[in-house]
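Open your viewer and get ready to select a few things in turn. We will go from the chain as a whole to its interior.

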Amino acid sequence: ATLQQMMGQHQRCMYCVDSHGCDIEHFHPKAAFPHWMYRWANLLLCCTECGRLKGDRFPMQGDQALLIDPTSEEPWHFLDFDPDTGNLTACFELASNAESIKGQATTTLLQLDQREALAAGYQRTWRRLQKSLRHFLEAPSSADTLIANLLEADDHGLIGWCFKGNGQHEPLLTTLRQQHPAIWNACLQKFTFY
């Protein structure tokens with residue numbers, strides 16, 4: 001119940017944010033990390049497909065986990081969304097001039113760039129978010145109204161990509177930022193912990 005409450009009304013998988021989270025997953029696998037078995041910080045709500053794909057695998061680089069921990073890390077710092085395909089991919093990092101290592105490891109392990117149903121769900125959510133943004137830009141209203149409409153449209157956590165990830169460079173979001181800076185800032189403030 002605690003994990004379901006963490007994921008809100010849709011109770012989505014904490015890895016893919018697409019399917020219903022119906023299993024309890026151990027972020028650090030039980031076999032390799034038995035001391036983490038009963039720690040709340042190690043328990044995630046997970047869909048069957050992500051749980052099956054992850055299994056007991058846990059990519060590491062030295063003592064650093066390469067799998068994104070959705071309870072303590074902002075996934076959009078490591079992942080990107082491709083609106084044309086609906087796929088989740090690793091973010092490109094300017095500092096290293098390469099794709100995010102965590103993004104690559106997570107994408108590969110959970111096959112986030114190969115799951116057609118997952119991609120279709122993300123594309124539907126993106127279309128709903130675009131519709132809410134277009135509606136606001138055509139008939140501006142309050143920040144609270146836009147925020148409520150975006151939250152209602154977002155089944156996949158794409159608001160994070162829109163305001164904290166590369167989505168902020170999409171035309172509708174660029175227009176929102178340029179034409180309505182106060183609304184943009186209200187959204188940024190609201191979605192800081194989203």
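Start with the contact map of this predicted model: among contacts between residues at least 6 apart in sequence, 64% join residues at least 24 apart.

Now switch to a cartoon view. You should find 8 helices and 8 strands in the chain. The radius of gyration is 17 Å, close to the 16 Å that the globule rule gives for 194 residues, so the chain is as compact as a globular protein of that length. Turn it along its principal axes, and the C-alpha atoms fill a box of roughly 55 × 40 × 30 Å.

Next, show the surface. The chain exposes about 10300 Å², with carbon and sulfur atoms supplying 51% of that area. Color the charges too: there are 16 positive and 22 negative ones, and their mean positions lie 4 Å apart.

Hide the surface and go inside, where 45% of the 194 residues count as buried. The largest nonpolar core has 47 residues, and Tyr-15 and Phe-163 have the most contacts inside it. Which elements should you select to see it? Several supply at least two residues each, including β2 (43-46), β5 (79-81), α3 (101-110) and α4 (116-138). Of these, α4 gives the most, with 6 residues.

For the last stop, zoom in on Tyr-15. What does Tyr-15 touch, beyond residues up to four places away in sequence? Its partners include Phe-27, Leu-44, Leu-67, Ile-68 and Leu-110, along with Cys-46 and Cys-50. Select Glu-25, Lys-54 and Pro-70 as well, since Tyr-15 also touches these.

How values were computed. Residues are numbered from 1 along each chain as its sequence is written. This is a predicted model: local features need pLDDT of at least 70, side-chain atom pairs count only at pLDDT 80 or more; totals for chains, interfaces and linings use all residues. Side-chain values use heavy atoms; hydrogens and water are left out. Helices (H or I, at least four residues) and strands (E, at least two) are DSSP runs, numbered from the N terminus. The radius of gyration is taken over C-alpha atoms; the globule rule is 2.2 Å times the number of residues to the power 0.38. Buried means under 20% relative accessible area, exposed over 50%, partly exposed in between (1.4 Å probe, protein chains only). Contact means heavy atoms within 4.5 Å. Accessible areas come from the Shrake-Rupley method with a 1.4 Å probe; for residues, only the protein chains shown count as cover. Lys and Arg count as positive and Asp and Glu as negative; His and the chain ends are not counted. The place of a charge is taken as NZ of Lys, CZ of Arg, CG of Asp or CD of Glu. A nonpolar core is a set of buried Ala, Val, Leu, Ile, Met, Phe, Trp, Tyr and Cys residues joined through side-chain atoms within 4.5 Å.
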